[in-house]
Amino acid sequence: MNPTVKAFSVGFIYPLGSKKFQIFMLPVDLKKADPRTLQIEWDDGHVSRYPLEFLRRQCPCASCSEARHTPAKPANPLRVLQAHEIIGADLDIKQAEVVGRYALNFQWSDGHAEGIYTFDFLRSICQCEECTMQKVGKI
Ligand SMILES: [Zn+2]
Ligand SMILES: [Zn+2]
């Protein structure tokens, strides 16, 4: 079985029969809420919406996390912009693919495709009000 999911096709990206064996929260639907937003619906009914730029900046691959954790250097107009700094307004996800049974891999329109976004991670960066409030301990 080819696990590749056509980007944002509506429907299940998982064989549902395997659901009860999963420890992780599973996405049951993946689509674009609008051209700038990815929406993931989880098997507990929760719906997460991620602005694409945000998701791209959260890329967990080694080179992106390194870039994020490197302190900004003094401005030099001649320096070469790093990939994470040139996220354009036309950023898009070309394809989303299930990795193993625990993660999603996005192919970005800027050519980057190294990031493995685990379901746990995606759920933990959910931008909805409920999750944000929980994170700051207000609930
Ligand atoms: Zn990356
Ligand atoms: Zn949420």
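Here is a short walk through this predicted model, from the whole chain down to a few residues.

1. **The chain as a whole.** The protein chain holds 4 helices and 7 strands. If you follow the sequence from start to end, these elements come in the pattern β-β-β-β-α-α-β-β-β-α-α. The chain has 139 residues, and 13% of them are buried. Of the contacts between residues at least 6 apart in sequence, 41% join residues that are at least 24 apart.

2. **A sheet to start from.** A good place to begin looking is the open sheet of 3 strands, which run in the order 2-3-4 with antiparallel pairing. Strand 2 and strand 4 are its edges, each pairing on one side only. On average, neighbouring strands here are turned by 20° against each other, with direction ignored. As background, strands of a sheet pair through backbone hydrogen bonds, and they do so either parallel or antiparallel.

3. **Strand 2 beside strand 3.** Strand 2 covers residues 27-34 and strand 3 covers residues 37-42; their antiparallel pairing runs over 6 bridges. A hairpin of 2 residues leads from strand 2 to strand 3. To find the register on screen, look for Leu30, which stands opposite Ile40, and for Lys31, whose bridge partner is Gln39.

4. **Strand 3 beside strand 4.** On the other pairing, strand 3 and strand 4 (residues 47-51) are antiparallel over 5 bridges. Gln39 appears again here, with Arg49 in strand 4 as its bridge partner. The hairpin between these two strands has 4 residues, and in this hairpin Gly45 takes a positive phi near 95°.

5. **The largest nonpolar core.** Which residues touch the most other members of this core? They are Leu38, Leu104, Phe106 and Leu122, out of 14 residues in total. Two or more residues come from each of strand 3, helix 1 (52-57), strand 6 (103-108) and helix 3 (119-124). Strand 6 gives the largest share, 3 residues. In general, nonpolar side chains tend to be buried together in soluble globular proteins.

6. **Leu38 and its contacts.** Once neighbours within four places in sequence are set aside, Leu38 is in contact with Lys32, Tyr50, Leu52, Leu55 and Ile93. Tyr50 is worth following next.

7. **Tyr50 in strand 4.** Is Tyr50, a residue of strand 4, buried or exposed? Tyr50 counts as buried because it has 21 C-beta neighbours inside 10 Å, and the cut-off for a buried residue is 20 or more. Apart from residues within four places in sequence, Tyr50 is in contact with Thr37, Leu38, Leu55 and Gln127. Ala33 lies 17 residues from Tyr50 in sequence, and their C-alpha atoms are 9.0 Å apart.

8. **Leu122 in helix 3.** Leu122 sits in helix 3. This residue is buried too, because 22 C-beta neighbours fall inside 10 Å. Not counting residues up to four places away in sequence, Leu122 touches Ile40, Ser48, Leu104 and Tyr117. Leu122 and Tyr50 are 72 residues apart in sequence, yet their C-alpha atoms are 9.1 Å apart in space.

Key: Residues are numbered from 1 along each chain as its sequence is written. Chains are lettered from A and ligands numbered from 1 in the order in which they are written. This is a predicted model: local features need pLDDT of at least 70, side-chain atom pairs count only at pLDDT 80 or more; totals for chains, interfaces and linings use all residues. Two strands pair if DSSP finds at least two bridges between them. A nonpolar core is a set of buried Ala, Val, Leu, Ile, Met, Phe, Trp, Tyr and Cys residues joined through C-beta atoms within 7 Å. A residue is buried if 20 or more other C-beta atoms lie within 10 Å of its own, exposed if 12 or fewer, and partly exposed in between; C-beta atoms are placed from the backbone. Two residues are in contact if their C-beta atoms, placed from the backbone, lie within 7 Å. Axes are lines fitted to C-alpha atoms, for helices over the stretch in contact, and angles run from 0 to 180 degrees between N-to-C directions.
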